[in-house]
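Subject: A structure for you to explore

Hello,

Here is the structure I promised to pass on to you. Please open it beside this email, and then read on for what I found in it.

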Amino acid sequence: MTANPAPHIDHTILKAEATRPDVMKVVSEALEHSFASVCINGVFVPAVAEKLAGTGVKTCAVVGFPLGAMSPTVKAIEATSIVKAGAHEVDVVAHLPHLLNRDIDATREELLELTKAVRGVLKEVIVKVIIESAALLKDASDDEAEARIAAAATAAREAGCDFIKTSTGFHPAGGASLQAVQLMVKHAGPLQVKASGGIRTPQDAKTYLDAGASRLGCSASVAIATGASDSSSGY
């Protein structure tokens, strides 16, 4: 791992009760520590994008969050809207039943509609696919767990996405795990891997970066970057 994890961190605030001042505090922290991006809900994109313009810290927003249980067309419309509003990166929640069933075709088609739509607005937009890896691994044999992760990676790759991401941080099955990240790295091919959900300490960050993740989604980003303790919970 690099000595400084900050450039790998998407500084995240996604809790439903987050206010604009809460979000602007996260933006200020991201600028202070030079995090990779600020990851937010779509309603905050215009204000965050304006604040981050020209700084090198990207604006990232979630789509279909946190359930992923809406139509592909609705996800594509939401994603297009936030990119038009200034987002450089989109973290989209894939439809979990497709992933659990290893339905590569359905997952690819869902994601392809979104990637085509957003790249019509911003060619260089980064698309990260949230696969809820803890749910894919829960109660699954080792072979089934790996097959599910492999299918998710294949669909994301064939749809032209850039990353696969472990978790929303909201699913009851849990967040990131070393097993999930290792399997994702194994099957990612040219995709990059983002670990998120429950990453709270510098050691957590080191574990996932050493395992091959290139991004981390964290709300405890400042504590991770500075080595301080953090007692907050969740996104």
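Let's start at a loop. Lys123 sits in the loop that joins helix H5 (104-119) to strand S5 (126-130). Please keep in mind that this is a predicted model. Is Lys123 buried or exposed? Its relative accessibility is 71%, and residues over 50% are called exposed, so Lys123 counts as exposed. If you would like a distance to check on your screen, try Lys123 and Pro97: they are 26 residues apart along the chain, and their C-alpha atoms are separated by 29 Å.

Now for the whole protein

The protein has 10 helices and eight strands. Its radius of gyration is 16 Å, close to the 18 Å that the globule rule gives for 235 residues, so the protein is as compact as a globular protein of that length. Along the principal axes, the C-alpha atoms fill a box of roughly 40 × 40 × 30 Å.

How much of the protein is buried? Of its 235 residues, 51% count as buried. The surface that the protein exposes comes to about 9800 Å², and carbon and sulfur atoms supply 52% of that area. As for the contacts in the protein with a separation of 6 or more, 68% of them are between residues 24 or more positions apart. The charges can be summed up too: there are 22 positive and 26 negative ones, and the mean positions of the two groups are 4 Å apart.

The inside

In soluble globular proteins, nonpolar side chains tend to be buried together. Here the largest nonpolar core has 66 residues, and the members that touch the most others are Val23, Val38, Val48 and Leu216. There is also a second, separate core of seven residues, with Leu14, Val62, Val93 and Ile130 among them.

Val48 is a good residue to click on next. Apart from its neighbours within four places in sequence, Val48 is in contact with Val23, Met24, Val27, Val38, Ile40 and Thr59.

A closer look at helix H2

Val48 is one of the buried residues of helix H2 (residues 45-52), and the others are Val45, Ala47, Ala49 and Leu52. What do the buried residues of H2 pack against? They pack against helix H1 (20-33), strand S2 (37-40), strand S3 (58-63) and helix H3 (72-84). After H2 comes Gly54, which has a positive phi, near 80 degrees.

Ala47, also in H2, has a relative accessible area of 15%; buried means under 20%, so Ala47 counts as buried. Leaving out neighbours within four places in sequence, Ala47 is in contact with Arg20 and Met24. Ala47 and Ala85 are 38 residues apart along the chain, while their C-alpha atoms are separated by 9.1 Å.

Helix H3, one of the partners of H2, holds Ile77. Is Ile77 buried or exposed? With a relative accessible area of 55%, Ile77 is exposed. In sequence, Ile77 and Val63 are 14 residues apart, and in space they are 9.5 Å apart from C-alpha to C-alpha.

Some backbone details

Pro66 belongs to the loop between S3 and H3. The peptide bond from Phe65 to Pro66 is cis, and its omega is near 0 degrees.

Two residues other than glycine are worth a visit for their positive phi values. One is Ser34, with phi near 55 degrees, in the loop between H1 and S2. Its relative accessibility of 47% makes Ser34 partly exposed. The other is Glu132, with phi near 50 degrees, in the loop between S5 and helix H6 (133-137). Where does Glu132 stand, buried or exposed? Its relative accessible area is 4%, so Glu132 counts as buried.

Happy exploring, and do write back with any questions!

Best wishes

Technical notes. Residues numbered from 1 in each chain as written. Predicted model: local features only at pLDDT ≥ 70, side-chain atom pairs only at ≥ 80, totals over all residues. Heavy atoms only, no water. Core = buried A, V, L, I, M, F, W, Y, C linked by side-chain atoms within 4.5 Å. Buried < 20%, exposed > 50% of the residue type's maximum accessible area, 1.4 Å probe, protein only. Contact = heavy atoms within 4.5 Å. Helix = DSSP H or I, 4+ residues; strand = E, 2+ residues; numbered from the N terminus. Rg over C-alpha atoms; globule rule 2.2 N^0.38 Å. Areas by Shrake-Rupley, 256 points an atom, 1.4 Å probe, with all protein chains shown as cover. Lys, Arg positive; Asp, Glu negative; His and termini not counted. Charge placed at Lys NZ, Arg CZ, Asp CG, Glu CD.
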